[in-house]
Amino acid sequence: MTKTPSLALILAVALTAAAPAMAQQPQGIQRADAFIDVWNNRGGNVLEMVQTRQELASSGRTVRIRGYCRSACTILTTMPNACLGPQARIGFHAPRIQGTQIIPPYVDQIMGNFYRGGIRDRWFGGWNRSMKMQIITAREYVRLDPQARICDSIRG
């Protein structure tokens with residue numbers, strides 16, 4: 001009689017393999033003053049970004065997503081204390097095991113659970129399976145997810 005691996009074990013393996021580990025201080029995140037700025041963040045390991053999201057959401061500070069936020073970084077966009085810089089670009093693509101075109105199971109579902117509205121619809125409508133980066137502007141993002149907002153503290 002063989003045992004079927006548990007969903008938790010499969011998920012842990014998939015998340016660990018999905019992308020390289022991030023450094024102690026996630027790249028592209030600057031903590032200073034009244035704001036936390038996420039600048040040109042390339043994403044990385046989804047599980048680690050979920051942990052970063054929890055830390056940033058509980059920081060009590062406004063998190064400004066600026067420059068280019070792509071891949072796992074996109075799950076930061078829906079934090080209650082997040083806003084998008086007016087010039088921000090947000091890039092979505094299928095999660096994949098580093099160095100391959102293999103989409104690990106469940107990782108796209110984890111990411112999709114953080115999205116809302118038209119962003120969620122597009123994610124599950126094909127962005128979650130596309131190797132091509134789907135890039136949208138901050139204003140397009142807000143149009144697709146009206147709960148998101150442009151940062152008042154950033155001009156231009």
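1. A good place to start is F92. Setting aside neighbours within four places in sequence, F92 is in contact with T74, Y115, I119, W123, W127, K132, M133, Q134, I136 and Y141. Please keep in mind that this is a predicted model. Several of the residues in that list come back in the points below.

2. Next, the core around this residue. The largest nonpolar core has 32 residues, and within it I90 and F92 touch the most other members. Two or more residues each are given to this core by strand 2 (35–39), helix 2 (46–57), strand 3 (62–66), strand 5 (82–84), strand 6, helix 3, helix 4 and helix 5. Helix 2 supplies the largest share, namely four residues. As general background, nonpolar side chains in soluble globular proteins tend to be buried together.

3. Now to the aromatic rings. The whole structure holds five aromatic pairs. In one of them, F92 meets Y115 edge-to-face, with 5.5 Å from centre to centre and 80° between the planes. This pair links distant parts of the chain, since F92 is in strand 6 while Y115 is in the loop between helix 3 and helix 4, 23 residues apart. Both F92 and Y115 are buried.

4. F92 has a further ring partner in W123. Here the arrangement is tilted, at 6.4 Å centre to centre and 55° between the planes. Because F92 lies in strand 6 and W123 in helix 4, the pair ties together parts that are 31 residues apart in sequence. F92 and W123 are both buried. Ring pairs also join F92, Y115, W123, W127 and Y141 into a cluster.

5. Which residues of helix 4 are buried? In this helix, residues 117–124, they are G118, I119 and W123. They cover an arc of only 140° around the axis, which puts them on the same side of helix 4. A general point helps here: an α-helix has 3.6 residues a turn, so residues three or four places apart point the same way.

6. What do the buried residues of helix 4 pack against? Their partners are strand 6 (89–92), helix 3 (107–112), strand 7 (134–137) and helix 5 (138–144). Two of these buried residues, I119 and W123, are also among the contacts of F92. After helix 4 comes G126, which has a positive phi, near 150°.

7. The cysteines deserve a look too. The count comes to two disulfides. If the bonded cysteines of the protein chain are numbered in sequence order, the pairing reads 1-2, 3-4. One disulfide joins C69 to C73, with 2.1 Å from S to S. At -115° about the S-S bond, the link of C69 and C73 is left-handed. C69 counts as buried because its relative accessible area is 1%, and C73 is buried at 0%.

8. What about C83 and C151? These two form a disulfide with their sulfur atoms 2.0 Å apart. The torsion about the S-S bond of C83 and C151 is about 100°, so this disulfide is right-handed. The pair links distant parts of the chain, with C83 in strand 5 and C151 in the segment after helix 5, 68 residues apart. Both C83 and C151 are buried.

9. Two arginines are worth finding in the viewer. The charged end of R64 sits over the ring of F35, at 3.9 Å from the ring centre. R89, for its part, lies over the face of Y68, 4.6 Å from the centre of that ring.

10. Finally, some backbone angles. S71 has a positive phi, near 60°, although it is a residue other than glycine. S71 is placed in the loop between strand 4 (68–70) and strand 5. Is S71 buried or exposed? With a relative accessibility of 14%, S71 counts as buried, because the cut-off is under 20%.

11. Y106 is a residue other than glycine with a positive phi, in this case near 75°. Y106 lies in the loop between strand 6 and helix 3. At 35% relative accessibility, Y106 counts as partly exposed.

Key. Residues are numbered from 1 along each chain as its sequence is written. This is a predicted model: local features need pLDDT of at least 70, side-chain atom pairs count only at pLDDT 80 or more; totals for chains, interfaces and linings use all residues. Side-chain values use heavy atoms; hydrogens and water are left out. Buried means under 20% relative accessible area, exposed over 50%, partly exposed in between (1.4 Å probe, protein chains only). The arc is that of the directions from the helix axis to the C-beta atoms. Contact means heavy atoms within 4.5 Å. A nonpolar core is a set of buried Ala, Val, Leu, Ile, Met, Phe, Trp, Tyr and Cys residues joined through side-chain atoms within 4.5 Å. A disulfide is a pair of cysteine sulfur atoms within 2.5 Å. Rings of Phe, Tyr and Trp (its six-membered ring) pair if their centres lie within 6.5 Å; planes under 30 degrees apart count as stacked, over 60 as edge-to-face and the rest as tilted. A charge sits over a ring if NZ of Lys or CZ of Arg is within 6 Å of the ring centre and within 35 degrees of the ring normal.
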